Amino acid sequence: MKASDLVGVPIEWGAALRDRRLFHPRGVLADGRIERVAPPDDGLPVPSGPVVGRLSKAVGVPGSLPDAAGLAWRMFAGPSGDSPWDVLLVTAGIGDASAVPNRLLLHPVTAWADTRYSSLMPLAYRGQLWWVRARLVTDIAADGLALDALADTLAHGDIDFDIEQACGSGDFHPLARMRLSEIRPVTGPEQDVSFDPVRNTAPGVCVWPQWLRNFRRLAYRRSREGRDRPATP
């Protein structure tokens, strides 16, 4: 068995058994818009435009039980504005959320209120490394981490995020504002969005370092294959 199979096969079969993603198996998918607030040539080339966003629980524990929370969105970049760019973040950090070690530490949370998300891995762009983080600024007062609370909020209004970027170990600065405003119904796997931050990225932007990028490429591919196959060996 190849070394890649030692990693890929469990991911593929795990996705097949769940009949969905192995990680972040359930979430709330919504349409929205991102507006760049940073100067045009300052940092990552995040454009203003429509997005598809997804809020989820990493392990997928039921109901309102604690979990790491995920935030993903797809926007469109490139010269013609038709290159899909997927960004995946997860709740991370304890204490000083701006400290570099905290950008790497997955952090389970007990409620949606004031959740803070990190890219966990930096993005390489024009010879520099950039970190992305987000903070949920909409007041979601529901207790616990139930996905139904997000759906209920979107049924009556919007969910807003402040998006920030940091170069290397530098401080974070405002990058964009994102608003999710309308639930996108998902009645089957074919209607879901398969986010992949390695395959879908802006020109000149890539997840760093390369070895971890290769691992994530394999993991996302195996997860997709697992969702497309029956859950029997």
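This section describes the strand pairing, internal cavities, cysteines and one helix of a predicted model.

Strand β2 spans residues 49-57. Eight of its nine residues are buried, so β2 is largely enclosed by the rest of the structure. Burial here means a relative accessible area under 20%. Strand β2 has a partner in strand β1, residues 27-36. The two strands are antiparallel and share eight bridges. Strand β2 also pairs with strand β3, residues 69-77. That pairing is antiparallel as well, and six bridges make it up. Arg54 of β2 takes part in both pairings: its bridge partner in β1 is Leu29, and Ala72 stands opposite Arg54 in β3.

The interior was then examined for enclosed space. Rolling a probe the size of a water molecule over the atoms shows where empty space is left. Two cavities of 30 Å³ or more are present in the structure. The largest cavity holds about 90 Å³ of space. Its lining comprises 11 residues. Closest to the cavity centre are Leu88, Ser119, Leu123, Pro197 and Val207. Strand β4, residues 83-91, is the main contributor to this lining and supplies four residues. In terms of class, seven of the lining residues are nonpolar. Two more are polar, and two are charged.

Cysteines were considered next. Zero disulfides are found in a search of the whole structure. Cys167 has a relative accessible area of 29% and is therefore partly exposed. Cys206 is likewise partly exposed, because its relative accessibility is 29%. Both values fall in the class between the buried limit of 20% and the exposed limit of 50%.

Helix α2 covers residues 147-156. Its buried residues are Leu147, Ala149, Leu150, Thr153 and Leu154. These residues cover an arc of only 155 degrees around the axis, so they lie on the same side of α2. The face turned away from this buried side carries exposed residues. They are Asp148, Ala155 and His156. Helix α2 thus has a buried side, with Leu150 one of its residues, and a face turned away from that side, with Asp148 among its exposed residues.

Methods
Residues numbered from 1 in each chain as written. Predicted model: local features only at pLDDT ≥ 70, side-chain atom pairs only at ≥ 80, totals over all residues. Heavy atoms only, no water. Buried < 20%, exposed > 50% of the residue type's maximum accessible area, 1.4 Å probe, protein only. Pairing = 2+ DSSP bridges. 1 Å grid on protein atoms, 1.4 Å probe; cavity = no way out; pocket = protein on both sides within 12 Å on 5 of 7 lines; lining within 4 Å. Points joined across faces, edges and corners; volume = space filled by probe spheres on them. Nonpolar A, V, L, I, M, F, W, Y, C, P; charged D, E, K, R; others polar. Disulfide = S-S within 2.5 Å. Arc of directions from axis to C-beta.
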